[in-house]
Amino acid sequence: MSMVDSFEKIPVKIFPSLKDGSTFIAREIAAIIRQKQSEGKPCILGLATGSSPKTVYAELVRLHKEEGLSFKNVISFNLDEYYPIDKDALQSYNRYMKEQLFNHVDIDMANVHIPNGEWPKEAIKKYCHDYEALIESVGGIDVQILGIGNNGHIGFNEPGSSRFSRTRLITLDNSTRIANSFEFANISQVPRLAVTMGIDTIMKARKIYLMAWGQMKAPVIQKAVEEHVTEQIPASLLQQHNDAIYVLDETAASELTRFRSPWLTGDIDWTPKMIKKAVVSMALKLGKPVLALTNSDYNDSGLGDLLVEQGDAYEINLQVFYMLRDSITGWPGGKPNAFIPTHPERSIPYPKRSLIFSPHPDDDIISMGGTFMRLHDQGHEVHVAYQTSGNIAVTDEFVTRFIDFAVGFEEISGIDSSKSRDILAEAQKFLSSKKTSESDTAQIRAIKGLIRRGEAKATCRYVGINDKNVHFQNLPFYETGRVEKKPMGEEDVLLTIELLKEVKPHQIFCAGDLADPHGTHKVCLDVVFESLRRLKAAGEEWIKDCWVWLYKGAWQEWNIEEIEMAIPMSPDQVMKKRFGIFIHQSQKDMVPFQGSDSREFWQRAEDRNGNTAKLYAQLGLTQYAAMEAFVRWHY
């Protein structure tokens, strides 16, 4: 046993990325399917929905098409379904399973079983009983795959669900409805009920894989893996299963002790980054400035080995304090006419060509608005690339409002407005009868995209950016008209390479926020990374001197020990950034698909930036009104 085993109470397998973890699960499932085929037996799969298993299903489809994996002996049972919901609704799990898996493999649809959101309510108990009986009649589930909710639910078994619960109709926890609201136009459309397999049903499966990807799942993963079994965290009950394993990517595992406090789980290579992480963590936990930490604090916090290796607490404190101090700068493009070896950015060249990649048309101002303005004010040539149209995040009401304005403008200007009136009438007709199973028409999407383009342009003018430095990429992966996007494609990469070769930036800023509930930020980041790799491989000279800085989006911030460049903001700069965010009127108040955070974007930004400044102050640095934070990516 290792020291890790003293903290983790269930087997955990960690992969560098969700793709690697998904491939592992898919190949495990494929092996069991093939084993059952060789025995002439059916393979009973328990299947999950949501964002987590999509890459598992994609790999199973690839195995079917490219490696001959057959599903003819597979009998499947799905975990859950919203209630009530039409089978063909965009958000129904019946439709999800067909689109993600069943339509692409050779499974017999007679062997597919999914709880039905159209069951009459008075007969629900009978149907749930029959569902349980059907699972038992085929011998029980061989392999069950699970995701995990931010509140620890598995299936739709919310906190407090009994260990002995079986398939039933349940009321969704409000936190679950908020977390899933990104699939719907607004929170009011998220069903309040669902049909779900019970925890007892899940626990009867012979093998269980629970998967979790991304930073947002890290806190609940830590509770489910390292803390006591409790029905308040349903996923923790898997600790009592004979053959269950958690499959995680590195970000989902980041709150486990082996990553959060690795000095408690074994020998450590005390690199400067690890020393900074350990000392900052200790200082924040004890509520002390870094320079006030004592030898006793180190020993009491499990850092005695660090003292033995590095010497007295005072010297270590100074080392960490200087690292924190040197990350703070008011010159995000480098300070001109100065040689400062510890400065986050180079002084030369000056001015720089700076390229900000903004996944949505407001991420630039929300995530790094203060830095955006500083770069321009300090004389750099700033370009902004809006990677997607962002049309899905515009309400239907905004479409008719803007077309109505166009009609009125033409009429008071003496222009023939008949064509605009026709477009307005057509839009009103479509939107008034739009069904939950319908995506927007190409025309509606174009109008919504135009609304966001206008707001983005206005923001750049507010900052002072010339129109010729504003680039609208409209990457094709985004243009599905639905929350679910296509994977990164070749055209996305080629468009980005073309822009990079045109601008030849000295520094790039892009969104490293993988907590985005839509997944758009992740694809946008992958597109930039792939483009830079190809350009480097092609021997482009300018790329040797191009630095890449990652900012976080509206959902999370970098951990304080990770920050390599922190840009302080005065109260006036905070207000100026707020007014810049207000320009995006289509995103004010409640917007579609905004995820589990009900705050407006300007509130999220100010809370996040203000908290970063407070953390620096708690550690003994200067107190600023707010700070924007960046981490450098090396390629």
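Two strands pair if DSSP finds at least two bridges between them. Keep that rule in mind for strand 12 and strand 13 (residues 470-472): 3 bridges join them, and they run parallel. The model is predicted. This briefing covers strand 12 and its partners, a seven-strand sheet, one buried serine and a pair of helices.

**Strand 12 and its partners**

- Strand 12 spans residues 381-386.
- Of its 6 residues, 5 are buried, so strand 12 is largely enclosed by the rest of the structure.
- Strand 13 is one partner of strand 12, and V384 has V470 of strand 13 as its bridge partner.
- Strand 11 (residues 353-358) also pairs with strand 12, in the parallel sense, over 6 bridges.
- Within that pairing, S358 stands opposite Y386 of strand 12.
- A right-handed β-α-β unit is made by strand 11, helix 13 (residues 363-377) and strand 12.

**The open sheet**

- Strands of a sheet pair through backbone hydrogen bonds, either parallel or antiparallel.
- Here 7 strands form an open sheet, and their pairing is parallel.
- The strand order is 1-10-9-6-2-3-5.
- Strand 1 (12-15) and strand 5 (112-113) are the edge strands, and each pairs on one side only.
- Strand 1 runs parallel to strand 10 (residues 244-249), joined by 4 bridges.
- V12 stands opposite Y246 in strand 10.
- Helix 1 (residues 18-38) lies across several strands, including strand 1, strand 2 (43-47), strand 3 (74-78) and strand 10.
- Helix 1 runs at about 150° to strand 2.

**S76, inside strand 3**

- Is S76 buried or exposed?
- Its relative accessible area is 0%, and buried means under 20%, so S76 is buried.
- S76 sits in strand 3.
- Leaving out residues up to four places away in sequence, S76 touches L45, L47, F102, I107, N111, V112 and H113.

**Helix 17 against helix 18**

- Two packed helices are described by the angle between their axes and the distance between the axes.
- For helix 17 (residues 490-503) and helix 18 (residues 520-537), the axes come within 9 Å and cross at roughly 60°.
- Why are helix 17 and helix 18 called oblique to each other?
- Angles of 65 to 115 degrees count as roughly perpendicular and those under 35 as roughly parallel; roughly 60° fits neither range, so the two helices are oblique.
- The crossing of helix 17 past helix 18 is right-handed.
- Among the helix 17 residues that meet helix 18 are V493, L494, I497 and L500.
- On the helix 18 side, the residues in contact include V527, V528, L532 and L535.

Notes:
Residues numbered from 1 in each chain as written. Predicted model: local features only at pLDDT ≥ 70, side-chain atom pairs only at ≥ 80, totals over all residues. Heavy atoms only, no water. Buried < 20%, exposed > 50% of the residue type's maximum accessible area, 1.4 Å probe, protein only. Right-handed = clockwise from strand over helix to strand, strands pointing away. Contact = heavy atoms within 4.5 Å. Axes fitted to C-alpha atoms, helices over the stretch in contact; angles between N-to-C directions. Parallel < 35°, antiparallel > 145°, perpendicular 65-115°, else oblique. Left-handed = near helix turned anticlockwise from the far one by under 90°.
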